[in-house]
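User: Take a close look at one part for me: the surroundings of the ligand. Which residues come nearest to the ligand? Then work outward from there.

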Amino acid sequence: MFYEPRNGHGLPHDPFKAIIAPRPIGWISTVDGAGKTNLAPYSFFNAVHSNPPMLMFTSESMKHSAANAIATGEFVFNLVSRDLFDAMNISSGDFPAEVSEFEAAGLTAAPCRMVKAPRVASSPASLECKVVSHAQLQDVNGKALQGWIIIGQVVGVHIQDSYIRDGRFDTALAQSVARCGYRDYSAVTELFEALRPTDGGGYVAGQKDV
Ligand SMILES: Cc1cc2nc3c(=O)[nH]c(=O)nc-3n(C[C@H](O)[C@H](O)[C@H](O)COP(=O)(O)O)c2cc1C
């Protein structure tokens with residue numbers, strides 16, 4: 001089949017998010033101007049640069065996470081491990097600003113070092129970010145959309161020591177959860193390694209990765 005999105009897809013559900021899958025979940029914690037904590041998952045999320053490390057997420061309407069990140073210039077990424085899935089899912093609920101999703105999902109907030117927003121204490125890894133840019137998305141005709149992209153530079157990294165094995169962060173141990181299409185998810189349970197043509201004799205720890 002072929003379709004132009006502007007004319008519809010003709011399927012019971014839009015396949016777009018199932019095609020661009022799996023997507024890592026940016027579980028974003030922020031505070032508002034009054035210091036109230038907020039936590040919500042964003043799968044329009046990814047790493048976009050490595051040196052310095054940078055992340056982005058997009059908000060389809062001006063939701064609390066985007067508004068807080070833009071207002072305070074800070075946000076935190078928390079990794080969703082398989083055991084944290086239910087809490088992540090609860091935190092996606094449509095809570096009013098005065099309700100903290102940390103409490104609603106039964107999560108403990110731990111302080112960050114470089115930003116005011118807290119992190120999810122039980123997450124295997126959390127990345128403290130400062131906003132470097134944000135923009136409202138436009139379509140091909142220059143029409144402003146109800147979509148905002150926020151890009152942050154990672155200024156602090158928390159890793160639970162138990163997830164470091166042989167000097168590497170063990171993604172399969174964390175069983176990092178990704179969003180697929182519809183209401184489908186995937187967890188990383190298995191890794192395979194493949195060397196690049198440019199790797200020569202083997203993967204060298206500490207080599208520059210791009
Ligand atoms: C796994 C998952 C991924 C999501 N990804 C996005 C996303 O990329 N962009 C978005 O606007 N909403 C996304 N949502 C919905 C938001 O999490 C939801 O609207 C939430 O209430 C926003 O909270 P906030 O207003 O506190 O930021 C996602 C929900 C789930 C469960």
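Analyst: A residue counts as near the ligand if one of its heavy atoms lies within 4 Å of it. Keep in mind that this is a predicted model. By that rule 19 residues surround the ligand. Asn38, Tyr42, Phe44, Glu60 and Ser65 come nearest.

Start with the polar atoms. An N or O atom in the Asn38 side chain sits 2.7 Å from an oxygen atom of the ligand. Ser43 takes part through its backbone: a polar atom there is 2.8 Å from a nitrogen atom of the ligand. Glu101 uses its side chain, with an N or O atom 3.4 Å from a ligand oxygen. How much of the ligand does the protein bury? Taken alone, the ligand exposes 650 Å², and the protein buries 88% of that.

Now step outward, by way of Phe57. Two of the residues that come nearest to the ligand, Tyr42 and Phe44, are also among the residues that Phe57 touches. Ser65 is another that comes nearest to the ligand, and Phe57 touches Ser65 too. Leaving out residues up to four places away in sequence, the other contacts of Phe57 are Ile28, Phe45, Ala66, Ala69, Phe75, Trp148, Ile149 and Ile150.

Phe57 belongs to the largest nonpolar core, which has 19 residues. Leu55, Phe57, Phe75, Phe77 and Ile150 touch the most other members. Which elements each supply at least two residues of this core? Five are strands: strand 3 (37-42), strand 5 (53-59), strand 6 (74-78), strand 9 (125-138) and strand 10 (144-159). Helix 2 (64-72) does so as well. Another core lies apart from this one. It has 13 residues, including Phe85, Ala87, Phe102 and Leu107. In soluble globular proteins, nonpolar side chains tend to be buried together.

Strands 6 and 9 are also joined by charge. Glu74 forms a salt bridge with Lys130, and their closest N and O atoms are 3.5 Å apart. Glu74 is in strand 6 and Lys130 in strand 9, 56 residues apart, so the pair links distant parts of the chain. Is Glu74 buried or exposed? Glu74 is buried, at 10% relative accessible area. Its partner Lys130 is partly exposed, at 33%.

How many salt bridges does the model hold? The count is three. One of them joins Arg168 to Glu193, at 3.6 Å from N to O. Arg168 lies in strand 12 (residues 168-169) and Glu193 in the segment after strand 14 (185-187), so the bridge ties together parts 25 residues apart in sequence. Arg168 is partly exposed, at 47% relative accessibility, and Glu193 is exposed, at 56%. Another pairs Glu4 with Arg6, whose closest N and O atoms are 2.8 Å apart. Glu4 is partly exposed, at 33%. Arg6 is exposed, at 70%.

Last, a loop residue. Ala121 is in the loop between strand 8 (119-120) and strand 9. It is partly exposed, with 29% relative accessible area. Which residues does Ala121 touch, not counting those up to four places away in sequence? They are Thr108, Ala110 and Gln160. The C-alpha atoms of Ala121 and Gly26 are separated by 15 Å, and the two residues are 95 residues apart along the chain.

How values were computed
Residues are numbered from 1 along each chain as its sequence is written. This is a predicted model: local features need pLDDT of at least 70, side-chain atom pairs count only at pLDDT 80 or more; totals for chains, interfaces and linings use all residues. Side-chain values use heavy atoms; hydrogens and water are left out. A nonpolar core is a set of buried Ala, Val, Leu, Ile, Met, Phe, Trp, Tyr and Cys residues joined through side-chain atoms within 4.5 Å. Buried means under 20% relative accessible area, exposed over 50%, partly exposed in between (1.4 Å probe, protein chains only). Helices (H or I, at least four residues) and strands (E, at least two) are DSSP runs, numbered from the N terminus. Contact means heavy atoms within 4.5 Å. A salt bridge is a side-chain nitrogen of Lys or Arg within 4 Å of a carboxyl oxygen of Asp or Glu. A polar contact is a pair of N or O atoms within 3.5 Å; within protein, one must be able to donate a hydrogen and the other to accept it, and residues adjacent in sequence count only if both atoms are side-chain atoms. Accessible areas come from the Shrake-Rupley method with a 1.4 Å probe; for residues, only the protein chains shown count as cover.
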